[in-house]
Amino acid sequence: MPNVTFKNLNGQGITLAAVINFPSGFDESKKYPAVVVSHPGGGVKEQTAGLYTRKLAEHGLITIAFDRSYQGESTGEPRQLENPYISTEDVSAVIDYLTTLPYVDQDRIGAMGICAGAGYSANAAINDRRIKALGMVSAVNIGQMFRNGWDGSVKDADALPYLEAGSTARTADASSNDMATIPLAPLKEEDAPNAELRGAWEYYHTPRCEHPNAPGYTLARNLTQIITYDAYNKAEAFLTQPILAVAGSNAGSKWMSDDLIARAASKDKVLHVVDGADHMDLYDVLKHVDEAVSKLVPFFQIKLR
């Protein structure tokens, strides 16, 4: 399970940090299928993304979890930038790296992610034909979530104040070294609007899964990029790869998995609903994670055959 770093070739001068997991009995002289796993918004590779990569690698897959540009152990300034377009390109940058490894079969690369990482993986699959299969866990289209709300009840036009706030923040940033931030999950328990999002606070800010590289916020300036972003843009035309989306029956975010499944051009697309699970349960509650993995493993084994 080596830690690796490599240059992101997308022109920002970034070095990405990642962890590769090899299957049991790994033989460097052979060719293996590989899966890139993208972490949630506000997360890092050591949390749920790392958990899924370890579990998938137990079943004959090379897996890689990485920190997005400006986050975790990857480089880039300003820190905690969450530009969704760069986050999407990061997935392809990791694939660039995988194609240089002699033991990775370039024709058998898949992508998956959790939460916003699933949305970025979907957007990458729309853009990048090297991705042969797409897995999603508790998928969030970060643009939809920010403009339409956790449950999808807010109209697009009503998110205009967020664009105003992001624009104002960018002006302030231009003359200050202290950039304004916004939370990606509740930073305090009392900030959580419901029990499900209390789970997000607990995950990121208690011993449940807190990590020093995951402060749980991004920059207010990113609102000008996030609000108008659609992770599923042109899925109706270009997202033709096999898709497996896993979502909890009690997840307030499930509508974003439903939307992707409805919109994707793919003729091979499945939504697996984990009964009794909410959004956060699929991050690290082992019985629910194991159910998700029990579907993801055969999906990737078959589609990357």
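What radius of gyration does the protein chain have, and what would a compact globule with 305 residues have? The chain comes out at 18 Å, and a compact globule would be near 19 Å, so the two agree. Keep in mind that this is a predicted model.

**The chain as a whole**

Let's start with the big picture. The protein chain carries eleven helices and ten strands. Measured out along its principal axes, the C-alpha trace spans about 55 × 40 × 40 Å. Buried residues account for 59% of the 305 residues. If you take the contacts between residues at least 6 apart in sequence, 75% of them join residues at least 24 apart.

On the outside, the accessible surface adds up to about 12,300 Å², and carbon and sulfur atoms hold 51% of that. As for charge, there are 28 positive and 37 negative charges, and their mean positions sit 7 Å apart.

**Strands E1 and E2**

Now to the start of the chain. Strand E1 runs over residues 3–7, and its side chains alternate. Val4 and Phe6 point to one face and are buried, while Asn3, Thr5 and Lys7 point to the other face and are not buried. E1 pairs with strand E2 (residues 15–21) in the antiparallel sense, over five bridges. Val4 turns up again here: its bridge partner in E2 is Ala18.

**Two loop residues: Ile227 and Lys30**

Which residues does Ile227 touch, leaving out those up to four places away in sequence? They are Gly143, Phe146, Arg147, Ala159, Tyr162 and Leu163. Ile227 sits in the loop between helix H7 (223–226) and helix H8 (235–238). Its relative accessible area is 5%, under the 20% cut-off, so Ile227 counts as buried. Asp156 is 71 residues away along the chain, yet the C-alpha atoms of Ile227 and Asp156 are separated by 8.8 Å.

Lys30 belongs to another loop, the one between E2 and strand E3 (32–38). Is Lys30 buried or partly exposed? With 48% relative accessibility, Lys30 falls between the 20% and 50% cut-offs and therefore counts as partly exposed. Setting aside neighbours within four places in sequence, Lys30 is in contact with Pro102 and Tyr103. From Lys30 to Ala195, 165 residues along the chain, the C-alpha separation is 47 Å.

**Backbone oddities**

A bit of background helps here. Most residues other than glycine have a negative phi, and most peptide bonds are trans. Against that, the peptide bond from Glu77 to Pro78 is cis, with omega near 0°. Pro78 is placed in the loop between strand E4 (62–66) and helix H2 (84–98).

Tyr70 lies in the loop between E4 and H2 too, and its phi is positive. Ser138 also has a positive phi, and its loop runs between strand E6 (131–137) and helix H4 (142–148). Here are the values for these two:

| Residue | Phi | Relative accessibility |
|---|---|---|
| Tyr70 | near 75° | 6%, buried |
| Ser138 | near 45° | 1%, buried |

Why do Tyr70 and Ser138 count as buried? Buried means under 20% relative accessible area, and Tyr70 is at 6%, while Ser138 is at 1%.

Notes. Residues are numbered from 1 along each chain as its sequence is written. This is a predicted model: local features need pLDDT of at least 70, side-chain atom pairs count only at pLDDT 80 or more; totals for chains, interfaces and linings use all residues. Side-chain values use heavy atoms; hydrogens and water are left out. Helices (H or I, at least four residues) and strands (E, at least two) are DSSP runs, numbered from the N terminus. The radius of gyration is taken over C-alpha atoms; the globule rule is 2.2 Å times the number of residues to the power 0.38. Buried means under 20% relative accessible area, exposed over 50%, partly exposed in between (1.4 Å probe, protein chains only). Contact means heavy atoms within 4.5 Å. Accessible areas come from the Shrake-Rupley method with a 1.4 Å probe; for residues, only the protein chains shown count as cover. Lys and Arg count as positive and Asp and Glu as negative; His and the chain ends are not counted. The place of a charge is taken as NZ of Lys, CZ of Arg, CG of Asp or CD of Glu. Two strands pair if DSSP finds at least two bridges between them.
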